[in-house]
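Student: I would like a close look at a single part of this model, with attention to what surrounds it and to the charged pairs elsewhere in the chain. Please take it step by step.

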Amino acid sequence: MRHITGIEAYSGKKKTAVTLGKFDGLHLGHQKLIDRIRNYASGECESVVCAFDMHRESLMTGRERREHLEDRVDWLIDQPFTKEFREIEAEEFVEKILCGILHAEHIVVGTDFNFGYGKRGNVAMLQEMAEKYNYTVDVIEKERYLGTVISSTYIKDALSQGDVKLAERLLGYPYGLTGIVQHGKQLGRTLGFPTMNIEPEENKILPRFGVYACRVRIDGKWYNAVGNAGIKPTVTDEHRRLLEVFVYGYEGDAYGKEITAQFCDFERPETKFGSVEELKDNVMRDMRYGERYFAD
């Protein structure tokens, strides 16, 4: 897969099957669009995902999106949602961008897709212009879960309640984050349960602050773990978002390593305890919860 920033940097010469959108999380609804352009891709036609970068709180970092799409599509274009881009007239967007730059032969979008200045462009406009510019339009119905449309907002709502199991069903994969293990206060080591701290990227959403059963990948190997997502109010007033994990069976030194953590199950909300001893007692209970969860 070739990854570029900005549609104008696109240099492909072949006809393309294009899908466009925010693609935050690459949930099951997004995957329907991507599967369709993959079906069109052949030696003479390349698949292109154009993801609009809105710079908002997101389910997925740019790097995570690239990793999920690697080996699935031919091109990933991260398009900054600048003032200049927002103000392109809808007809110009079709003529100069979709057809002129991207050589679109097949355009695949959801039912509510809008584009161009003032969101004046829509599915009907794409269909009206299709014959003139010799492309096809596939309008993909929304994916639903128990009757509710799957959307990034639905997933964010689930995460805000700590319902990581529902988030996984909507995404089609476990929700997680990747980061470098940082040095902390080493309180866990002092109390007898050394932990690893990773900090999410600024706009990356953490689920509801609390304790979770997790899976953690270190040096390519997966381990069971229990972790606290939040700000550790008992031991600091920095209000710095962190995921602190205790990893069962890991005995190495992970400082400075990049690790990935996936959220499996919510145990309890984050709590400010009255003392370090009370914190220790609750962490011991959390560790037993994690053992029971993975044993089951």
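Tutor: This is a predicted model, and a convenient place to enter it is Lys156, which counts as partly exposed at 27% relative accessibility. The side chain of Lys156 meets that of Asp24 in a salt bridge, with an N to O distance of 3.6 Å. Because Asp24 sits in the loop between strand S2 (15-21) and helix H1 (28-40), while Lys156 belongs to helix H6 (residues 152-160), the pair ties together parts that are 132 residues apart in sequence. Asp24, for its part, has a relative accessible area of 11%, and is therefore buried, the cut-off being under 20%.

A second pair is formed by Lys142 and Asp112, whose side chains meet in a salt bridge at 2.8 Å, N to O. Here both partners are in loops: Lys142 lies between S6 and strand S7 (144-145), and Asp112 lies between strand S5 (104-110) and helix H5 (123-133), so this salt bridge ties together parts that are 30 residues apart in sequence. Lys142 has a relative accessibility of 31% and counts as partly exposed.

Strand S6, which covers residues 136-140, contains Ile140. Ile140 is buried, with a relative accessible area of 8%. Leaving aside residues up to four places away in sequence, the residues that Ile140 touches are Lys32, Leu33, Arg36, Val108, Val109, Gly110 and Thr111. The C-alpha atom of Ile140 is also separated by 9.7 Å from that of His30, although these two residues are 110 residues apart along the chain.

Turning to the charged pairs more broadly, a search of the whole structure finds 17 salt bridges. One of them joins Arg2 to Glu46, with the closest N and O atoms 2.8 Å apart. Since Arg2 is in strand S1 (residues 2-5) and Glu46 is in strand S3 (residues 45-53), this pair ties together parts that are 44 residues apart in sequence. The two partners can also be described by their accessibility: Arg2 is partly exposed, with a relative accessible area of 40%, whereas Glu46 is buried, with a relative accessible area of 10%. Finally, salt bridges also link Arg63, Glu67 and Glu258 in a network.

Technical notes:
Residues are numbered from 1 along each chain as its sequence is written. This is a predicted model: local features need pLDDT of at least 70, side-chain atom pairs count only at pLDDT 80 or more; totals for chains, interfaces and linings use all residues. Side-chain values use heavy atoms; hydrogens and water are left out. Helices (H or I, at least four residues) and strands (E, at least two) are DSSP runs, numbered from the N terminus. Buried means under 20% relative accessible area, exposed over 50%, partly exposed in between (1.4 Å probe, protein chains only). Contact means heavy atoms within 4.5 Å. A salt bridge is a side-chain nitrogen of Lys or Arg within 4 Å of a carboxyl oxygen of Asp or Glu.
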